[in-house]
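Q: I've got a model open and I'd like to learn how to read it. Can we go through it feature by feature?

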Protein chains: 2
Amino acid sequence: MALIVHKYGGTSMGSTERIRSVAQRVAKWVRAGHQLVVVPSAMSGETNRLLGLAKELVPDAAVASTDEARRELDALAATGEQVSVGLLALALQAQGVPAVSYGGWQVPIKTDSAFTKARIESIDDTRVRADLAAGKVVIITGFQGIDSQGNVTTLGRGGSDTSAVAVAAALKADECLIYTDVDGVYTTDPRVVPEARRLSTVSFEEMLEMASLGSKVLQIRSVEFAGKYRVPTRVLSSFTPWDIPLDEEARSGTLITFEEDEKMEQAVVAGIAFNRDEAKISVIGVPDKPGIAYQILGPVADANIDIDVIIQNVSHDGRTDFSFTVHRNDYARTMAVLENTVLPATGAARVIGDAKICKVSIVGIGMRSHVGVASTMFRTLSEEGINIQMITTSEIKTSVVIDEKYMELAVRALHKAFDLDQPSA
Amino acid sequence: MALIVHKYGGTSMGSTERIRSVAQRVAKWVRAGHQLVVVPSAMSGETNRLLGLAKELVPDAAVASTDEARRELDALAATGEQVSVGLLALALQAQGVPAVSYGGWQVPIKTDSAFTKARIESIDDTRVRADLAAGKVVIITGFQGIDSQGNVTTLGRGGSDTSAVAVAAALKADECLIYTDVDGVYTTDPRVVPEARRLSTVSFEEMLEMASLGSKVLQIRSVEFAGKYRVPTRVLSSFTPWDIPLDEEARSGTLITFEEDEKMEQAVVAGIAFNRDEAKISVIGVPDKPGIAYQILGPVADANIDIDVIIQNVSHDGRTDFSFTVHRNDYARTMAVLENTVLPATGAARVIGDAKICKVSIVGIGMRSHVGVASTMFRTLSEEGINIQMITTSEIKTSVVIDEKYMELAVRALHKAFDLDQPSA
């Protein structure tokens, strides 16, 4: 008997028909003798419907502009998953499987108070363990928790993955299965490169980079959780028939691993990730003195805006240029913070921004011990006539920021250049 | 400055356009210097949509058959009001009025654990008072609370009225305004009797009878609460323009009073109530011995089924017939309880039922001191050729159960017989 956490995305929960199928799949695992905790997302479209209602009442900018408004948006959006868990519990009960549902606040899943992008601080497993011991399937809302003041919080888009892995970590589950609308992790997005191949395993570090770089299979914070607590996590398809043999299902998809094996050492580059959700911002003519990075990025971080790539150029005449990227949704807000707060405080000349960019990255543990990987990337892009605007590197990835119109071209060229369309030896 | 509780029904919250109008109305009260607590229902159609999803997953009978299922139905249905409060808070904030929303569990509004028909046990006013003192409008979900185990419960259909009055009682509010789709309490339903008149005041006892007898203006438990805690409660229209002068709005509708005034003494009958939501059940050939009423009704009450009219006929040959009415939704379940449990236990001959009945009642505090009111009722019905199946009386009402096909005829004849179409002197 194993303790297994299942996570189902919005498409898998998209109709009562689909929910019944999820219940049948869960029931199959229960009948094989396993203890099951299930973390579903809201029915597809529901979160957008709810936030759409909010937008009809409040102009777009105002929605995210105050903590009070974000608190209400969270309470509102959280109802989507609350509907899902109730329906799934009823569907399981209808299959004769005892089941009980909880909202994040009931578990409780405690978070900080950063509304719309809260972080999980702790999960109390008492209630869940008691229900499991009593033979029940426990169904917990994804995407949400409760802060220390008793307010409902949400973890941000895709937060249900994080909820599932965090619950699996808290329960020391044997495996966390993320059922989604793709059947695993690919060398790159098959919609861009038809030759993309599914990886049967991917290392935690590679997965982390892939997720952070826009590979939409798993939300990055769920991968961080999986790594931090070493939660064996598998991404697999929820579109296989629910009654395929359990052992076949249990081996499908892509397993995220924590040990490097030989096979992984052989592949220099595991995959190509890309992302056009970012915008580039440059602060021009910044007086080059100690503490300037903090003076620029402090106010941005205070506004709860995540910063991705950061580049500071060498200075000329005591002045330098400072560039970074943020999520495109935060672009206008970031520009406002910079113009209203940072420019007057630093004496920088001006701020310029560009939302029409994309980031393309090559990711692979093998890069650690192989020289020349980055230069192959730069040569490939150069041969395609693509200008590189920013470069960042880490031990296992190299990313470039380019004009978004070249994104598909760059991804296809790199996929080919690193032989990712060839089956690994 | 007064502390006012507003309650808005589902139609008033039926679209973002309507919600904006509610926010404007509430803002008007705030700007006049009042402290406001608002208790909205779910957007119209939402509760049915949610329960409709549940019914797609679980056959109708099974839905209400276990406590586990009812628990999930409550968690599911409760999301409807959670959406409303979030949207209304955002709409108020957009008007520049500070506002905060709470689910029943956050206040908390504590209830017992009778899922789908829970009763409020206590309301903690600490958090609400602190917010009011800080100048915020507090918006609280109607219809729901939390039990001692931390489960979400709902109060049953129409429960938002009860929530509003209970919140007003807990806060010792100056007045509880129930905004609804009618502009007050009428002598009877104007759809049945076009000559029906609006009452500017109605006594608490009359309102209690009117509500319990099917006048849909207020849920009966809200009236009980209003009476128990002497909450001045006014029923008024949410369809007046939001910007009508506040003093005009404050005097509109029908006020429920707790002192009898002269005017009320003059009116013998305040109104005619009717109800076709009930079904009649008779247990035939019951051995007539002490404790038999309990033996019959105990198992029904244990199944959490409310019983209304109860009649036990005089016995013949040591056997009697025992009749009562239940809500039509509980009809099949009650019949099952009687046939499976009560018949074998009591040795009664058989159970017969009839769902095609209605109950028509005359209600009025004046009846206390006026003889012959009941006989006028019976004569009127007799002149219309309507057979009376059951009769019950109290100090301020007389009710008859008749074939439902005669309902409109009976109501119109009684409305005329008691001169309710004439303006009171």
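A: Sure, starting with burial: a residue is buried under 20% relative accessible area, exposed over 50% and partly exposed in between (1.4 Å probe, protein chains only). Here, 57% of the 425 residues of chain A count as buried. Keep in mind that this is a predicted model, where local features need pLDDT of at least 70 and side-chain atom pairs count only at pLDDT 80 or more, while totals for chains, interfaces and linings use all residues. Residues are numbered from 1 along each chain as its sequence is written, chains are lettered from A in the order in which they are written, and side-chain values use heavy atoms, with hydrogens and water left out.

Q: How many helices and strands are there in chain A?

A: Helices (H or I, at least four residues) and strands (E, at least two) are DSSP runs, numbered from the N terminus. Chain A has 15 helices and 22 strands. Its radius of gyration, taken over C-alpha atoms, is 23 Å, close to the 22 Å from the globule rule (2.2 Å times the number of residues to the power 0.38), so chain A is as compact as a globular protein of that length.

Q: What does the sequence separation of contacts look like in chain A?

A: Contact means heavy atoms within 4.5 Å. Take the contacts in chain A between residues at least 6 apart in sequence: 75% of them join residues at least 24 apart.

Q: Now the interface: what area is buried between chain A and chain B?

A: Buried area is the accessible area (1.4 Å probe) that two parts lose on being put together, summed over both. Between chain A and chain B that comes to about 3300 Å², with carbon and sulfur atoms giving 62%. A:Leu57, A:Glu72 and A:Leu90 supply 21% of what chain A buries against chain B, more than any other three residues. In contact terms, 42 residues of chain A meet 42 residues of chain B.

Q: Which side chains meet in a salt bridge there?

A: The rule wants a side-chain nitrogen of Lys or Arg within 4 Å of a carboxyl oxygen of Asp or Glu. It finds 2 salt bridges across this interface; one of them pairs A:Glu46 with B:Arg49 (3.6 Å, N to O).

Q: Back to burial for one residue: is B:Thr320 buried or exposed?

A: B:Thr320 is buried, with a relative accessible area of 2%. It sits in strand β18 (residues 319-327) of chain B. Leaving aside neighbours within four places in sequence, B:Thr320 has contacts including B:Val283, B:Ile284, B:Asp288 and B:Gln312.
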